[in-house]
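Let's take a relaxed walk through this structure. Have a look at the picture first, then read on.

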Amino acid sequence: MIWYIVRRLLQGIPVFFGSTFIIFSMVFLTPGNPVLRMFGDRTPAPEQIAALEAKFHLDQPFLTRYFLYLGDILQGNLGTTYAGQSVNEILARTVPTTLRLALLAVVIQLAVGVLAGLISGLRKGGLFDNVTLLVTLVIISMPVFVLAFVAQWIFGIQLGWFRPTVGAGAPWSDLLLPAIVLAGLNMAYVVRLTRASVIETSQNDFVRMAYGKGLSRGRVIPVHILRNSMIPVTTNLAADFGILIVGATVTEGIFNVPGVGNELFKAINRGDTPEIVSIVTILVIVYVLVNIAIDLLYGVLDPRIRYVK
Amino acid sequence: MTALEPLLSVEDLQVAFKTQDGFVPAVRGVSFDVYPGETIAIVGESGSGKSTTAHAIINLLPGSGRITGGKVLFEGRDLSKLSRHEMEGVRGKEIGLVPQDPMNSLNPVHRIGFQVEETIRANGLASSKREVRKRAVEVLKEAGLADADQRLRQFPHEFSGGMRQRVLIGIGLSSHPKLLIADEPTSALDVTVQKKILDHLESLTAERGTAVIFITHDLGLAAERAENLVVMHRGKIVESGPAREILQDPRHPYTQRLVAAAPSLASKRIQSAVTSGASLESAEVEGADASFDLVSVAERTADTAVADAPPVIEFREATKVFKIRTGGPRSIPFTAVDKVSFQVPRGSTMALVGESGSGKSTAAKLLLRLEDLTSGEILVEGKNVAELGKQ
Amino acid sequence: MSSKNPVRTAPHFVAEVDEGGVGAVDAVRVSDRKSNLWLDAWRDLRGRWMFWVSAAFILFIVFVALFPTAFTQVPPNDGCMLSVKSQEVADSLGVPIGTRISDHGPLPRHPLGFTKQGCDVFSRIVHGTGTSLSVGIIVTVLVAVMGVVIGAFAGYFGGWLDSLLMRLGDIFFAIPYILAAVVIMSMFLHERNIWVISLAIGFFSWPSTARILRSEVLRVKNLDYVMASEAIGLSKFRTMFAHVMPNSLAPVIIISTVGLAGAITAEATLSFLGVGLPNNIFMSWGNDISAAQNSLRTAPFTLIYPSIALSVTVLAFIMLGETVRDALDPKARATR
C-alpha cells in the first residue's frame, strides 16, 4: 500500500510540472510580445507594460522565466490586479466559499445520483429506469450557463423558492440553488455509471454466491453490489472535478457567489489576462492534487490495484 | 442410519429461461431423490441442464430463469413455493452451496474473514463479535487452511485457486447443512489439487452425515465420489442409478458414449494398460496415484522411435527468467523455464505435459522465438534458433 | 469408489431413447443469422426510437446550417435597429413609428422577437447553427486524428515512446480543456476565428481517444493469433493493422459522437464567457445568450430561445452517441 502511495505521488510530479509548463507556454510562446497581447484592445501606458514585464520576468530566458513564475505562484506571491487589490487577499477570501459550494454540489450529486443509479440498475428496464435515463440525458445536454439561467429563472424569479443571487457572506441556504445546478452537470454520468456498474456487478458469481450462502437482499445489495459498484464512480470523480471547476466559474458568475470562480469569471469578462493566467494555473495545480487524492481513495476501495502496476 | 424418507425429492422439475425468442426450456421434467447422508452426482455435458437443476433447488437462477413446473420437496416443504425471506433462511443453513468458479465467487474487495463472518452471522451460528471470530477461524481450519488467523485478514486475490475453493467449501459447510450442493467444485483447478480437495470434502461430509449433490461433466469423477448417478441430457434424465452399475453396464446410448469418452476413465485405462503386467484389474485402478511414472513410459515409447536419426529439435539447458514487478522498486525474478533439456527425434510426436504454470507454453514460445532465451540453447535441425532470421 | 456406506440401493432407471437419441448430440445447430458487429449494431439501432429521432434532428440541423436562407430572409446582423425610425419600416412591421424594437416580442416575419440590439432572434438562431456545427466537426476530426495517431504509435512501438506519450497524455488530461481554451483565446484576441477556437478546444481533448487506441493495439498485440501469424512469418504490423482498425473503430466512433456534443458546448461556453468568437463577425448561440443575460427578468425569451436551440442540438448528438454506444458495445447490450 505504501508503495502504491509513493508511486502515485511520483507519477504526479511530471504531471504537475508538465501541466503548469504548458499553461505557461501557451501564454509566453505566442508570436509577438505576450505582454502586449495581454492588454487586448487597450493601449497601455509604458509604465504598465514595464510593470507586467517585470512581473513575468521577461528579461530572463524562457525556462528561467517559467521556474520563477512557478515559484511566485507557489509562494503566494501573486501580485496585484489592475484594480490594485492583492491577489493573495482575494484568494484567501474567496477560496473557502468555493470550497463550500463544491462540497455541497458533490454531496448532492452523489446522494441523488448513486441512489437513482442503484434503483435504476436493480430495476433495469422499469419505468423509473427509463424516466431517469431520459431526464439525465436532457440535463447533461444543457450547457452549464443554460442550466444556471433556467434554474435561476424558474426557481429564483418565477417560483421564488430561492434567492436568484447569493447574498453577502454566502449562507448555505443561498448556496443551495447554485450547488444543485453544479450537481446537475455531472449527475447524469454518476447515475449512468452507477447503473451500469450495478447491473454488471449483479451478474457476478460472487453475488450469486452471497445469496447462496444465505445472505439476505438487505445485506447483499449494500455490502456486495453497491460497494463494488462504487469503484468506477470514484474514478469518475476526477473528471467530475474538472467539470466542477469550469462549472463553478460560470455558476458563481451567474449567481454572484463570492468565490474563486467568480473572480475568474470577472477577470475573463474584463479581459484581465494576467489574472486569468494566475488563477488558471492555481486551478490546474489544485486539479492535479485532487486527482492524486482520488487515485489514493481508489486504492482504498479496490485492494487489488495496490499490488499491480 | 437407515432413513426411510428422502431428504430432498425433486418431482418433475421444469425450468425455463426468458429470451428474446420467448421461453426456452432448460430442464424438462426431472425427478430424483436424495436421502440423508448419501452422495449423488448429476452428470452431463454443458447445456444438459445439470447446473440449472441444482440452482433451481435453492432458487438461485439468474434473472431470466424461472421454475415453470414441478416441485422441490425438502424435508416435506416445497422450496419452489417459498417466499424470498423463507428461502434466505433455507440457504446456507439447511442447504449449502459450493460454487463452480473459485476465482470469481468471492468478492474481491472484502477480506476473507469478512466474507466468512457474514455467513456465520447470517445463518445465526453466533452473534457476539468474539464468537463469530472464533467460528470463522474454526471454519477455515476445518477447510484445511493453515494459519487460519492470518488468512482471515487477507484478500481473495492473495489466495491460490485451491485455497479459495477450500474457503468456499468451508463457507458452504459452516452451518452444518443437511444438504450440500457442489457445482463442479474442482473443474477450474489442476488435477493434483482436485484430488486433495475432493478427498477433503468427502471426509468432511462423511463425518457429519451431510448429503451431497455433485454436479459434474466428468463421469469418472462422478463414479468415484458418488454412490448414485443421475445422467442428464438436454434437460432430461436419461439414466440414473447406482454408480457402479451404470459404469459397468450403461444401458442408454448416451450414457454409453459418456462412459467411453470420460477423460479420467480414459487415463485410468491407459494406466491399467501399461501396468497390466502387474495384474491390476481395471476396477481397482483407483489405487494408482500421482507417483505413477509417466517419464518411464515416455522413455520406453521413445526408444521404439527411430533411434539413430538426429533430433530435429533439441533443448539444451534452456532457461527463461521473467522479471515480475511487485509494485515496489524491486522486481522479483521468476524462472519459468529452468535448464530444460530434451530431444525430439525426427518423425516423432512429443507431448509436453504439465499443469498450468509448469512452463510448457513458455517452452514452446522459446522454440518459436516468440520469446527470447535468458540462457541455454535451442537447436532446430542443428542450427541455433537465436541465429535464424525471423522466418 | 466412494468410501461411504451406501444408504440405499437406488433403482436403475433408463429413459426411453427418443429423438434419434445420440445422433442429436452430434448435430450442431448452424445459426442462420450472420453475426457481425456492424450488422448486429445496425439491427439494434434500427429498433430504437432514440436513434431515429436524433438522426432525423441532426439531419435537419445540418440542413439548416447549410441553407439558412431557406428558413429566414431576415439578415441576422444588418438592419438591427433599436427603435422604428421610418414609416416604411413601421408599416411593414405593423407597429407605430418610434416603437422600441429592442427586446420586443414577436412581429410578422420575426416569429421569435428581437434582441436587445434589435436584431431578429430567429434569424440569429438559424445563422448560428453553422458556427456551432463547424466547430463541432473540426474539433472532432482533429481529436480523432491526433488521438488515433498518438495512441497507435504508443501501443505499437511500446517502450520509452509509449511511456513518454502516455505521460504527455496524462499531462494534457490534467488540464481542464475549457480553462486552457480560455487562456489561449485570451492571448489570441485578434485571431479569433473558427479554426483557432477549434484548435484551442481540441488540442487538450486527445488523451481519451489516444488511450482507447493504445489499449486496443496492446490487446491485439498479445492475442494468440497475432503471435501465431507472426510465427508463420506474416508481418506483425500488417496483422495488427488489420485487426486493430475494425475493433477500435467502434469505441472511437462512440467517443467522437459524445465529443462532438462537448465541442459544441465548449464553443458556446467560451462565447458566453466572452472569449469565444467575436460577435460582429460570427453568429454564435453562446454570444446571444451572453448578450441576453441582463434581460432575464424583462425579456427572458431572448435568452431562452437560443438556449433551447443549443440544448436541443447538443441533446440530439448525445442521444445519437448513446444509441450508437449501446448498439456497438456488446456488454452494454446485455445490460439494456
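Two strands count as paired if DSSP finds at least two bridges between them. Keep in mind throughout that this is a predicted model.

**The sheet**

With that rule in hand, start in chain B, where β3(B) pairs with strand β8 (residues 211–216) in the parallel sense, over five bridges. One place to look along this pairing is B:Ile42, which stands opposite B:Ile215 in β8(B). β3(B) also pairs with β9(B), again in the parallel sense, this time over four bridges. Here B:Val43 has B:Val231 of β9(B) as its bridge partner.

Move on to β9(B) and you'll find that it pairs with β10(B) in the antiparallel sense, over six bridges. B:His233 and B:Lys236, the latter in β10(B), are bridge partners. In general, strands of a sheet pair through backbone hydrogen bonds, either parallel or antiparallel.

Here are those three pairings side by side.

| Strand pair | Sense | Bridges |
|---|---|---|
| β3(B) and β8(B) | parallel | five bridges |
| β3(B) and β9(B) | parallel | four bridges |
| β9(B) and β10(B) | antiparallel | six bridges |

How many strands form the open sheet, and in what order? There are seven, running β6(B)-β7(B)-β8(B)-β3(B)-β9(B)-β10(B)-β1(C), and the pairing is mixed. Notice that the final name in that order belongs to chain C. The edge strands are β6 (95–98) of chain B and β1 (13–14) of chain C, each of which pairs on one side only.

Is strand β3 (residues 39–43) of chain B mostly covered or mostly open? Mostly covered: five of its five residues are buried. B:Thr39, B:Ala41 and B:Val43 point one way from the strand, while B:Ile40 and B:Ile42 point the other way, and all are buried. That fits a general habit: in a regular strand the side chains alternate between the two faces of the sheet.

**Chain A, helix after helix**

Chain A is another story, with twelve helices and zero strands. Its C-alpha atoms fill a box of roughly 80 × 55 × 30 Å along the principal axes. Of its 309 residues, 43% count as buried. If you take the contacts in chain A between residues at least 6 apart in sequence, 71% of them join residues at least 24 apart.

Two of these helices are worth a stop. Packed helices are generally described by the angle between their axes and the distance between the axes. The axes of α9(A) and α10(A) come within 11 Å and cross at roughly 155°. Angles over 145 degrees count as roughly antiparallel, and α9(A) and α10(A) are therefore roughly antiparallel to each other. Their crossing is right-handed. On the α9(A) side, the meeting residues are A:Phe206, A:Val207, A:Ala210 and A:Tyr211, and on the α10(A) side they are A:Val220, A:His224 and A:Ile225. By class, this contact has six nonpolar residues, one polar and no charged.

**Where chain A meets its neighbours**

What does the contact between chains A and B take from each chain? It takes 24 residues from chain A and 25 residues from chain B. On the chain A side, α1, α9 (205–212) and α10 each supply at least two residues. The largest share, six residues, comes from α9(A). The chain A side has ten nonpolar, six polar and eight charged residues.

Then there's chain C: 43 residues of chain A are in contact with 37 residues of chain C. Several helices of chain A give two or more residues here, among them α1 (2–28), α8 (172–202), α10 (217–255) and α12 (273–301). The largest share, nine residues, comes from α12(A). The chain A side divides into 31 nonpolar, nine polar and three charged residues.

For one residue at this contact, try A:Pro14, which sits in helix α1 of chain A. A:Pro14 touches C:Arg167 and C:Ile171. With 14 other C-beta atoms within 10 Å, A:Pro14 is partly exposed. Its C-alpha atom is separated by 17 Å from that of A:Ile73, 59 residues apart along the chain.

**A glance at chain C**

Chain C has 14 helices and one strand. Buried residues make up 41% of its 336 residues. Of the contacts in chain C with a separation of 6 or more, 66% are between residues 24 or more positions apart.

Notes: Residues numbered from 1 in each chain as written. Chains lettered and ligands numbered in written order. Predicted model: local features only at pLDDT ≥ 70, side-chain atom pairs only at ≥ 80, totals over all residues. Contact = placed C-beta atoms within 7 Å. Nonpolar A, V, L, I, M, F, W, Y, C, P; charged D, E, K, R; others polar. Buried ≥ 20, exposed ≤ 12 C-beta atoms within 10 Å, placed from the backbone. Axes fitted to C-alpha atoms, helices over the stretch in contact; angles between N-to-C directions. Parallel < 35°, antiparallel > 145°, perpendicular 65-115°, else oblique. Left-handed = near helix turned anticlockwise from the far one by under 90°. Lists of a residue's contacts leave out its neighbours within four places in sequence.
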